[in-house]
Structure formats: structure tokens, C-alpha cells
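Got your viewer open? Let's take a walk through this protein, one selection at a time.

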Amino acid sequence: MNEQFFRSQMLLGRETMERLYRARVAVFGLGGVGGYVVEALARGGIGALDLIDNDTISLSNLNRQILAVHSTLGLSKAEAAKARVLDINPDCRVKTHQLFYTPETAGQFDFADYDYIVDAIDTVTGKLALVQQAWEAGTPIISCMGTGNKLDAAAFQVADISKTSMCPLARVMRKELGKRGIRHLKVVYSQEEAVTPQGWEEEAAALGKRQIPGSMSYVPGAAGLILAGEVIKDLALTEI
């Protein structure tokens, strides 16, 4: 028995831990949510991880992103995530993709290679493309809805997108997926009404944005851990 995963095996059993080791999971987006997903999957015994992001770690990430510490400032999030995963579990098979997933870059991925996909990216167009590509490949996917401008980590819940309410992003996704004939999608979302940041209008305008979302240290992490838990739970019940 691998002592590193002894406590997990006590709950899941040897066969399930071996199943998790055989699994290959792709995590799209390595920010506040995705970083915590990767952390929990690596510590949970997932044997292969594809990590997809083209961003670098900046000072503004320090308040909420697990990959962001002063020693990683300026580094690629994908490479920082890989280094952290291998420091946790050197046996994990890690592949990095330093790009942003968009409809234009979607062709670089064969979703049939994955046992599960985690959507932790920000753009609606990218999320829609991810879900559609996963749906066409028959690969399970879980998608994170909005975490910005939220304060209540306990408000997150898991639901089919057809059952969501009060979340503007989920509403848009539900409508657009419906146009594509996709009626069901497992999501993590919150019914909490978003707080409107005040006093940052000039900064947003300088960046060409209507609004810069605020974020707390604990909120995206809570969503990320829930996402990872659902992935491990689902894989534990699936023969790979």
C-alpha cells in the first residue's frame, strides 16, 4: 500500500484508488478555482493531469490563488501547477498546455483521451466550446459558474444546469447550450446575489472592461474543492 494515500484508501478501498491512478483528468483554467481543483486532484491520487492555461502569476493573484506565492510571481500558471503537483505526487503524469482554450484552439485537444474534464475558465465562448466538445466526445465534464463578487463560500452547490437559478452566468450558459441541443450539464454554482464593487470604475475603463470583479481568499477555493470532490466521486464509481 502506498503510504501517501493510506488515509484515502481507508475510505475508498484499494481497487478504487487504483482506478483513480489510472484516470486522466484535464483541468482548463488554473486561476482561483482551477488551482484548488488541481491541488485536490493531486492529493486525491489522480494519476494523470492535463493542465491548461496561458496566464502568468501576478501580484493580484496572491489574495486567492493557491499557485500564487511571491516565489512564483511571473511564472506560467501551467508550469507552476505542474511543479506543485509533482512535489505532492512525483508519480503523477502531468502534461501542460500553455494556451487559452477558445473555439479557435479547441482542435488541439482530443477529449476522448480524458476520463473527466473540469471547466474552470472565465469566458462564455470558451465554456460553451468546452462543453460541446466534451458532449460530442462522450466525456464527463463539470463546469464552474461565477465566483466573482461573492462572499458566501457556503452558498455553493452542485446541480444540473437545468435546475440552476439566480446565477447570471448559468442562465446564459443554459440558454446557449439549449440552442446547441445540450440540456444537461453538471455545474457548481451559487444563488448568492453578487456584490457590486464600488470605486473601481476608472481602473476598469482603463482596461476596456465594464467591471473588474472582486474576489475573496476563500470563495474560489471553496468552489474548486467542490469541483474536485465531484470528479473524484464520479471517477470512483466508474470503471476505467
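Before we click on anything, one bit of vocabulary: a residue is called buried if its relative accessible area is under 20%, exposed if it is over 50%, and partly exposed in between. Also keep in mind that you're looking at a predicted model.

**Stop 1: the start of the chain**

Select F6, which you'll find in helix 1, residues 6–12. Is F6 buried, exposed or partly exposed? Its relative accessible area is 35%, so F6 counts as partly exposed. Now add M10, L11 and L12 to your selection: together with F6 they make a nonpolar patch on the surface, with about 440 Å² of accessible area between them.

**Stop 2: the rings**

Next, show the aromatic side chains. There are 6 aromatic pairs to find. Start with F28 and F111, a tilted pair with 5.7 Å from centre to centre and 45° between the planes. F28 belongs to strand 1 (residues 24–28), while F111 sits in the loop between strand 3 (93–97) and strand 4 (116–119), so this pair ties together parts that are 83 residues apart in sequence. Both partners are tucked away: F28 is buried at 0% relative accessibility, and F111 is buried at 2%.

Then pick Y101 and F109. Their ring centres are 6.0 Å apart and their planes meet at 50°, so this pair is tilted. Y101 and F109 are both buried. Select F28, Y101, F109, F111 and Y114 together and you have a cluster linked by ring pairs.

One more ring is worth a click: Y21. The charged end of R93 sits over the ring of Y21, 4.7 Å from its centre.

**Stop 3: the strands**

Switch to the cartoon view and select strand 4. In a regular strand, side chains alternate between the two faces of the sheet. Here, Y116 and V118 point one way, I117 and D119 point the other way, and all of them are buried.

What lies alongside? Strand 1 and strand 4 run parallel, joined by 4 bridges. You've already met F28; its bridge partner in strand 4 is D119. Strand 4 also runs parallel to strand 5 (residues 141–144), with 3 bridges joining them. Look for V118, which stands opposite I142 in strand 5.

**Stop 4: the charges**

Side chains of opposite charge can pair when their charged atoms come close. How many salt bridges does the structure hold? There are 10.

Try R24 and D50, whose closest N and O atoms are 2.9 Å apart. This salt bridge links distant parts of the chain, with R24 in strand 1 and D50 in strand 2, 26 residues apart. R24 is partly exposed at 24% relative accessibility, but D50 is buried at 2%.

Now go to helix 3 and select R43 and E39, which form a salt bridge at 2.7 Å, N to O. They are 4 residues apart, about one turn of the helix. R43 is partly exposed at 47%, whereas E39 is buried at 10%.

For a bigger group, select K186, E230, K233 and D234, which are linked in a network of salt bridges.

**Last stop: a glycine**

Finish at G45, in the loop between helix 3 (32–43) and strand 2 (48–52). G45 is buried, with a relative accessible area of 5%. From here, draw a line to E230, which you saw in the salt-bridge network. The C-alpha atoms of G45 and E230 are 14 Å apart, though 185 residues separate them along the chain.

Conventions
Residues numbered from 1 in each chain as written. Predicted model: local features only at pLDDT ≥ 70, side-chain atom pairs only at ≥ 80, totals over all residues. Heavy atoms only, no water. Patch = residues over 30% accessible without salt bridge, like charges linked within 9 Å, V, L, I, M, F, W, Y side chains within 5 Å. Areas by Shrake-Rupley, 256 points an atom, 1.4 Å probe, with all protein chains shown as cover. Salt bridge = Lys/Arg side-chain N within 4 Å of Asp/Glu carboxyl O. Helix = DSSP H or I, 4+ residues; strand = E, 2+ residues; numbered from the N terminus. Buried < 20%, exposed > 50% of the residue type's maximum accessible area, 1.4 Å probe, protein only. Phe/Tyr/Trp six-rings, centres within 6.5 Å; stacked < 30°, edge-to-face > 60°. Lys NZ or Arg CZ within 6 Å of the ring centre and 35° of its normal. Pairing = 2+ DSSP bridges.
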